[in-house]
Amino acid sequence: MGALTDTGHEAGVVSRALRTVQTLATEVVEQIAIENGVCLYPIPMRVTDTQSSAAEIVQLPCGATLESKCPPCARRARALRAVQCRQGWHLESEPVRDPAAATDDQRDLVMVRAEWEGWRAEAAALGESTEAIDRAIADLDEAIEGAGLRGDVRGRAGAVARKRSTRRRQDAPDLPRRVMRRTTLGQMFTGSAGRAFRPSMFITLTLPSYGRVRNGVPVDPAAYDYRRAARDALHFGKLVDRFVQNLRRVAGFDAQYFASVEPQRRLAVHLHMAVRGTVSRADLRQIVAATYHQVWWPSCDEVRFSGDRLPAWVASEDGAALDGDLEGAGAYVDPCTGEVLPSWDEALDRLDADDEAAPLHVVRFGDQMDMQGVLAGTPDADQRIRYLAKYLTKSLGGGIGAEDHERAAHAARLVEALRYEPCSPRCANWLRYGVQPKDAKPGMVPGRCRGKAHKPENLGYGGRRVLASRKWSGRSLREHRQERRAWVLEVLGLAETGDGGREVGRYLWRPVRAGDTSLPTRRVRLLREVARAQAWRAHLAELLARANDPPPMSESSLSGNVDVLIRG
Ligand SMILES: [Zn+2]
Ligand SMILES: [Zn+2]
């Protein structure tokens, strides 16, 4: 007995020590990977040559934009966004978009996407967590979008826009309307020396006050309007859309923008926007004041189901023509009476029929507004571009120090206020207020919606961090990436070899499934990528040294250029 205990004890000590060494090793390997611009969480793909059947594993970067997730990928994302921002801000001719058909790359991505969708269904059927798969799918969706395909590849059911009378209720604000010029370019001005210039603007828009704050913390938390703060954040994206519509109407041209959504110290989101072209400061003030968005959603002020008394899902086999709805998979019913809750569409119809109905929420900007004119190529423009791209890599709710208890408590109160607010028509929280969410499915629990907006790191804003209008630069992110890569290769006198030298259409890309025994450990895979990055760097340095006419590339920019090349 004693011996057994001793052995057990010893084994415990050894394994603990071993674990420490392993943890350390992983940290060191990650540090090396970061220094070499290598993605920390590469996605392994098996690439099979359809002619020879030979297969190899290729690592795709995870493509994270948050520094807290993957610093090297975030750095590349930031650099690329800065390029995109710079190219569009002071364009002097209309951007031309090539409406080319889906390339092979896009088709490959969509195929891979389809496969993951299958695995997701498989995992869900087995009752396994689909979180990792969901993350991979979200990344793929972004890659597909980056590859120039627009919209949701699933082609969601119910995508047909409802022609609702509620649309009428979005009254147009009282603003001057100018004749539209068919251009996306700002107006040209002539300076005193006869020099022509085309100014653009940098605008900052904030939300209203919800109560007095000091150092980012409400002076009186009980009086701070958390519900309004939560709802404003949830609908902030729509408010920005309305602002752009109004801006274009007043400006009299198809103004283009590149904006980033950022956190304020008081944990409200606000917006920095680079706009191509200008309007007068007076016009802008008027536009900001007149812009609002009405949320015509069913009421959610009265809690109808909570605690253990929650609506129950009834599959349609049991209750036959329960609802007469599309697929008719089932519906949520009142747990006591068995009465079917109104579907999302029915709830909206009721709202329409009610002449007394008021919008659930109206969101507007606050009084604080800032606008600066910015000229192309000035240090001011550069600084603002860096600023716009910088926040992309930080999460909205991050940056609260561990010792900052008051702000952490403030953040927690906001998250609590967001917990039961419906984030979208599909939000599970609708059940709490007696309405079936749009596209309701079994397993929905109020307070447990997985929508982005409810997550503490997003402060109630579920949209994209960077908003670039379609005709900003006329290029997708992927095209910007390819352009940068091509430029580096040209400077170096190297030929473009395509995707790692692979002939397009000949290779089959498949994600390697977790648990595949042929897959080396992550540490080994990271070290291999580091070796590859170092080989590139050595190769570039050699080319630079050999060149008779060295390209304008310093040692320091070498690292950034290796980034472009290893990104592939
Ligand atoms: Zn990464
Ligand atoms: Zn939700």
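The exchange below concerns two zinc sites, several salt bridges and two helices of a predicted model.

Biologist: What should be kept in mind about numbering and about the atoms and residues that count?

Modeller: Residues are numbered from 1 along each chain as its sequence is written, while chains are lettered from A and ligands numbered from 1 in the order in which they are written. Because this is a predicted model, local features need pLDDT of at least 70 and side-chain atom pairs count only at pLDDT 80 or more, whereas totals for chains, interfaces and linings use all residues, and side-chain values use heavy atoms, with hydrogens and water left out.

Biologist: Which arrangement do the four donor atoms around the zinc ion (ligand 1) form?

Modeller: Donors are N, O and S atoms within 2.8 Å of the metal (3.2 Å for Na, K and Ca), and sites may look incomplete since water is not among the atoms. The SG atoms of C39, C62, C70 and C73 serve as the protein donors, lying 2.3 Å from the zinc ion (ligand 1). Four donors count as tetrahedral if all angles lie between 85 and 135 degrees (square planar for four and octahedral for six need opposite donors over 155 degrees apart and all others between 65 and 115, and anything else is irregular). The angles here are 104 to 114 degrees, which makes the arrangement tetrahedral.

Biologist: How are the donor residues of the zinc ion (ligand 2) spaced in sequence?

Modeller: For the zinc ion (ligand 2), the protein donors are C423 (SG), C427 (SG), C449 (SG) and H454 (NE2), at 2.1 to 2.3 Å. The angles that its four donor atoms subtend are 103 to 116 degrees, which makes this arrangement tetrahedral. In sequence, the donor residues follow the spacing C-x3-C-x21-C-x4-H.

Biologist: Is C73 buried or exposed, and at what relative accessible area?

Modeller: Buried means under 20% relative accessible area, exposed over 50%, and partly exposed in between (1.4 Å probe, protein chains only). C62 falls in the buried class with 14%. C73 is buried as well, with a relative accessible area of 1%.

Biologist: How many residues apart in sequence are the parts that R522 and E30 tie together?

Modeller: A salt bridge is a side-chain nitrogen of Lys or Arg within 4 Å of a carboxyl oxygen of Asp or Glu, and R522 forms one with E30, the closest N and O atoms being 2.5 Å apart. Helices (H or I, at least four residues) and strands (E, at least two) are DSSP runs, numbered from the N terminus. R522 lies in helix α13 and E30 in helix α1, so the pair ties together parts whose separation in sequence is 492 residues.

Biologist: What span does helix α13 reach from its first C-alpha to its last?

Modeller: Helix α13 covers residues 522–546 and has 25 residues. The expected span is 1.5 Å times one less than the number of residues, which for α13 gives 36 Å. The span reached is close to that expectation, at 36 Å.

Biologist: How far apart are the closest N and O atoms in the salt bridge of K394 with E67?

Modeller: K394 is partly exposed, with a relative accessible area of 33%, and E67 is likewise partly exposed, with 33%. The closest N and O atoms of the K394 and E67 salt bridge are separated by 3.2 Å.
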